[in-house]
Amino acid sequence: MNRYFFDVYNSNGHVLDDEGQLLESRERARVEAVRILHDVTREEMPDHELVKLTVKVRSDTGAQVFEASLILTSGWSA
């Protein structure tokens, strides 16, 4: 198992993951990054019409190994 760190970036800045998670594969780290995007978007969307999020995944050596981003907009059309 390897430790992966999930840093979250949004329009307000970023939150660096100091603890990380032990996961069995890079694919599991990818799934976790997408899950984090979903969860943070669900928390932020009701208060914002535009949400821009990025999750950057680092390995235990500090190297970035994956990145997932999401831009979500909402608004009344009339």
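A nonpolar core is a set of buried Ala, Val, Leu, Ile, Met, Phe, Trp, Tyr and Cys residues joined through side-chain atoms within 4.5 Å. In this predicted model, the largest such core has 15 residues. Within that core, the residues with the most contacts are Tyr4, Phe6, Ala29, Ile36, Val55 and Val57. Three elements, β1 (2-10), α1 (26-44) and β4 (50-58), each supply at least two of the core residues. The largest share is that of α1, with 5 residues.

Val55 gives a view of the surroundings of one core residue. Setting aside neighbours within four places in sequence, Val55 is in contact with Phe6, Asp7 and Val8. The same list for Val55 also holds Ala33, Ile36 and Leu37, and it is completed by Phe66, Glu67 and Ala68.

The strand β1 can be followed through its pairings. β1 pairs with β4 in the antiparallel sense, over 5 bridges. One position to look at here is Asp7, which stands opposite Lys56 in β4. β1 is also joined to β3 (residues 21-23) by 3 bridges, and these two strands run antiparallel. In that pairing, Asn2 stands opposite Leu23 of β3. The pairing of β1 with β2 (residues 13-15) is antiparallel as well and has 3 bridges. There, Val8 has Val15 of β2 as its bridge partner. The connection from β1 to β2 is a hairpin through 2 residues.

Two polar residues are worth finding next. Glu32 is found in helix α1. Its relative accessibility is 4%, so Glu32 counts as buried, the cut-off for that term being under 20% relative accessible area. Not counting residues up to four places away in sequence, Glu32 touches Phe6, Gln21 and Leu23. Of these contacts of Glu32, Leu23 is the residue in β3 that stands opposite Asn2, and Phe6 is among the core residues with the most contacts.

Ser59 lies in the loop between β4 and β5 (64-73). With a relative accessible area of 14%, Ser59 is buried, because the limit for that term is under 20%. The side chain of Ser59 is joined to that of Thr61 by a polar contact of 2.8 Å. Leaving out residues up to four places away in sequence, Ser59 touches Arg3, Phe5 and Val65.

How values were computed
Residues are numbered from 1 along each chain as its sequence is written. This is a predicted model: local features need pLDDT of at least 70, side-chain atom pairs count only at pLDDT 80 or more; totals for chains, interfaces and linings use all residues. Side-chain values use heavy atoms; hydrogens and water are left out. Buried means under 20% relative accessible area, exposed over 50%, partly exposed in between (1.4 Å probe, protein chains only). Helices (H or I, at least four residues) and strands (E, at least two) are DSSP runs, numbered from the N terminus. Contact means heavy atoms within 4.5 Å. Two strands pair if DSSP finds at least two bridges between them. A polar contact is a pair of N or O atoms within 3.5 Å; within protein, one must be able to donate a hydrogen and the other to accept it, and residues adjacent in sequence count only if both atoms are side-chain atoms.
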